[in-house]
Amino acid sequence: MNRFLSKDFLAGVMFIAFGLAALWFGRNLAPGTPVRMGPGYVPHMLSYILLVLGFLISLIATIYGGEPIEIPQFRPIALVTIGLVAFALLFETTGMFPALAALVLIASLGSEEFKILEVIANIVVLTILCVLVFKIGLNMNIDVLRGVW
Amino acid sequence: MLSNLALGMGVALSLQNLFYAFVGCMVGTLIGVLPGIGPVATIAMLLPITFHLPPVAALIMLAGIYYGAQYGGSTTSILVNLPGEASSVVTCIDGYQMARKGRAGAALSIAALGSFFAGTVGTLIIVLFAEPLTQMAQKFGPADYCSLMALGLVAAVVLANGSVLKAIAMVFLGLLFGLVGTDVNTGAQRFTFEIPELSDGIDFAPIAMGLFGIAEIVVNLERKMSRSGAIKVTSLWPNREEARRAWPAVIRGTALGAVLGVLPGGGPTLGAFSSYTLEKKVSRRPAEFGRGAVEGVAAPESANNAAAQTSFIPMLTLGIPSNAVMALMVGAMIIQGIQPGPEVMTKKPDLFWGMIASMWIGNLMLVIINLPMIGMWVKLLTVPYRFLAPAILLFCAIGAYSLQNSIFHVEQVAIFGVLGYIFVRLGCEGAPFLLGLVLGPQMEEYFRRAMLLSRGDPAVFVQRPISLGLLITTAILLILMALPSLRKAREEAFQEEEG
């Protein structure tokens, strides 16, 4: 296994990336003086600490090696994310029911045993539950199907 | 003190609060029984809903979920050898063996009654320590607070699982995310990318939902969940021999759990593991452990519940969360417009004492919910995860939307879900990140105020005796971590946990 593909090395790289990103996006924030700190003082301080820690973590991982990273399965994370985005896009334009159906359908594709009848049953049960809890129970202002209910 | 308790009982016994305590205990037991979803993810999911409830009811319900999960987790550990919660992993070892010997009912009732005893003691400890600790905290200046938070964050890291260096980096990353929004002192926009929703700061609930809820679902979807058949429960009563062996273990477990719960980074899981190890050491029959020793069920189950109660102490009195669940409770208070800290007790006594009293009532409810209704909970285990995962996702999505009726928060959940998944894959713990995120804004505020008062001299942090003492403790913890022998012992302790 390549020593650059260890969990620790990549984690160090991630921290360095966050540190650099924070420095770049915070470049216009005035640091000020220790007495009167500007908005940038603490962010800059934290960014530098992250850079140092990230560098240390990566360095230790390259010298001593580390636990290799597991090859991620992209299907579940991709489908869950797509499902959430689809929900966000559909919710305000078409109402809760289409958004809910899309989310449950897409997320169910992520599991290995996919049965369409089960998914439909799940959608029906969850719709009833959500209407009871959110619309009736907590009295939220939600359209179930936009323009209809 | 008695008048405080009376006030608390009055609040907790109102019909509305009793109802929410019951809801919290039911939900807690439910998620405790179901593997694949823990109290952190559940509380994160329900945070937006609590926004629609009165503050006392909201906190009572969330607290109920937390300690309810400790009860529920033991049920599946004993009956199906499947821990519903991390804190019930050790209960599997001897609990399931007892069940195989036909003593399932005895194991269950010892676990429940031990938990109830521990919960009662834990609640009493909170009552005893709350006032003195709060009075002490009111003497703290900005520098002292800053050092106290540093100590809390470092201690949380030391006791957390996994690499210390990575956990420290996660704390700083959390602190950095906490800075997003408008700078309180100058009004400057920091890391807002001209998104209006971000100018009030990054919302806590969607981050917690993404990091814990979504990432947990994805990881569970990746691996297959196997379920084995449950063991039938006959009599619920332990026999005389079992009772005689259980009660000293319950007392030892309660004591150890109560102490470990108060420590930052401690909590139910640490309490359960430590007390199991302790029982094995003090037992006259160590060979029985792993073959259905009563002590192996009684001690860890009492310890995890005692720790669940006492971990409220630093949060309620100092405003410093000691673990991820407490960080979420702080988030829930902030959503309700309450700044956690020593003022909560003096300014909102009804909330403070009501919550404590409700914990004892909740524990009583849990014994009733758990023992007679055991069959129903076990049936729930047969619901496959492919039904649960979309349902959990859906609750996250609607909950996030309902925060401010904006789909921006749903998108935020999706983004932090991906980030949380990356954290899991890289072996970075979410809990230190969350603690940093919650404490970040306050810590910056105290830091800047302390430096302003001292005219820019950082020596203020070592000149004030309270601050100096806290910083020395922090340094000692960090040095201890660097010692090779201690690091090895810590790794071994967590190895056992994973095994």
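In this predicted model, the residue F191(B) sits in the loop that joins strand β2 (189-190) to helix α8 of chain B. Although F191(B) is not a glycine, its phi is positive, at about 50 degrees. With 18 other C-beta atoms within 10 Å, F191(B) is partly exposed, because a residue counts as buried at 20 or more such neighbours and as exposed at 12 or fewer.

A second residue of this kind is R455(B), which is likewise not a glycine and has a positive phi of about 55 degrees. R455(B) belongs to the loop between α19 (430-453) and α20 (460-463) of chain B, and with 10 other C-beta atoms within 10 Å it is exposed. The table sets the two residues side by side.

| Residue | Phi | Other C-beta atoms within 10 Å |
|---|---|---|
| F191(B) | about 50 degrees | 18 C-beta atoms |
| R455(B) | about 55 degrees | 10 C-beta atoms |

The chain that carries both loops can also be described as a whole. Chain B contains 22 helices and two strands, and its C-alpha trace spans about 70 × 50 × 50 Å along the principal axes. For 499 residues, a compact globule would be expected to have a radius of gyration near 23 Å, and the 22 Å of chain B agrees with this. Of the 499 residues in chain B, 60% count as buried. Among the contacts in chain B with a separation of 6 or more, 79% are between residues that lie 24 or more positions apart.

Chain A is assigned two domains, domain 1 (3-64) and domain 2 (74-137), and the centres of these domains, taken over C-alpha atoms, are separated by 38 Å.

The two chains also touch each other, with 56 residues of chain A in contact with 52 residues of chain B. On the side of chain A that touches chain B, the elements giving two or more residues are α1 (7-25), α2 (41-64), α3, α4 (96-108) and α5 (116-137) of chain A, and the largest share, eleven residues, comes from α3(A).

One helix pair across this interface can be followed in detail. The axes of α3 (residues 74-94) of chain A and α8 (residues 204-222) of chain B come within 8 Å and cross at roughly 140 degrees, which makes α3(A) oblique to α8(B). Here α3(A) contributes P76(A), I77(A) and V80(A) to the contact, while α8(B) contributes I214(B), I217(B), V218(B), L221(B) and E222(B). The crossing of α3(A) and α8(B) is right-handed.

How values were computed
Residues are numbered from 1 along each chain as its sequence is written. Chains are lettered from A and ligands numbered from 1 in the order in which they are written. This is a predicted model: local features need pLDDT of at least 70, side-chain atom pairs count only at pLDDT 80 or more; totals for chains, interfaces and linings use all residues. Domain bounds come from an automatic or database domain assignment. Helices (H or I, at least four residues) and strands (E, at least two) are DSSP runs, numbered from the N terminus. The radius of gyration is taken over C-alpha atoms; the globule rule is 2.2 Å times the number of residues to the power 0.38. Two residues are in contact if their C-beta atoms, placed from the backbone, lie within 7 Å. Axes are lines fitted to C-alpha atoms, for helices over the stretch in contact, and angles run from 0 to 180 degrees between N-to-C directions. Angles under 35 degrees count as roughly parallel, over 145 as roughly antiparallel, 65 to 115 as roughly perpendicular and the rest as oblique. A crossing is left-handed if the near helix is turned anticlockwise from the far one by less than a right angle, and right-handed if clockwise.
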